[in-house]
Amino acid sequence: MLGLSGAVARQIKQGIFIGAELRSNHLYDGLGLDRFAGRALFAGPTFYATLSEEWWMSFAWNVQLTGHVADRPSALDLVNFERNQVKIRYGYHF
């Protein structure tokens, strides 16, 4: 799989950021990336917060806006990719 993503965020309060993310994923069969299997474009909101001096958390929710399966026409690629993707992360600095 090859992917390209970009995001913008704005600090709304000390240690709290909200933003938006756009991701494009392309899936290929084979090591040479020579057989196209499908693609999907995702977009959604992001959130990041510093919980303390050591702890932080982030949240992202992405919805598939458009996609394409290699062997059939479709508005979304629900064969190779999910319709919604959610990522929640917690971290600790030491």
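## Exercises on a predicted model

Ala9 touches Phe17, Ile18 and Gly19, leaving aside residues up to four places away in sequence. The model is predicted.

**Exercise 1.** Place Ala9 in the fold and decide whether Ala9 is buried or exposed.

*Solution.*
- Start with the element. Ala9 sits in strand β1, residues 2–13.
- Next, take the accessibility. Ala9 has 57% relative accessibility. The cut-off for exposed is over 50%, so Ala9 counts as exposed.
- Then look along the chain. Tyr48 is 39 residues from Ala9 in sequence, and their C-alpha atoms are 9.0 Å apart.

**Exercise 2.** Work out the strand order of the sheet and find which strands stand at the edges.

*Solution.*
- Write down the order. Five strands form an open sheet, β1-β2-β3-β4-β5, with antiparallel pairing.
- Find the edges. β1 and β5 (84–92) each have a single partner strand, so one side of each lacks a neighbour in the sheet.
- Add the twist. From one strand to the next it averages 15 degrees.
- Zoom in on one pair. Strands β3 (residues 35–50) and β4 (residues 55–69) run antiparallel and are joined by 11 bridges. Phe42 has Gln64 in β4 as its bridge partner.

**Exercise 3.** Find the salt bridge and classify the exposure of Arg72 and Asp71.

*Solution.*
- Count. The whole structure holds one salt bridge.
- Name the partners. Arg72 pairs with Asp71, with 4.0 Å between the closest N and O atoms.
- Classify each residue. Arg72, at 44% relative accessibility, is partly exposed. Asp71 has a relative accessible area of 66%, so Asp71 is exposed.

How values were computed:
Residues are numbered from 1 along each chain as its sequence is written. This is a predicted model: local features need pLDDT of at least 70, side-chain atom pairs count only at pLDDT 80 or more; totals for chains, interfaces and linings use all residues. Side-chain values use heavy atoms; hydrogens and water are left out. Helices (H or I, at least four residues) and strands (E, at least two) are DSSP runs, numbered from the N terminus. Buried means under 20% relative accessible area, exposed over 50%, partly exposed in between (1.4 Å probe, protein chains only). Contact means heavy atoms within 4.5 Å. A salt bridge is a side-chain nitrogen of Lys or Arg within 4 Å of a carboxyl oxygen of Asp or Glu. Two strands pair if DSSP finds at least two bridges between them. Axes are lines fitted to C-alpha atoms, for helices over the stretch in contact, and angles run from 0 to 180 degrees between N-to-C directions.
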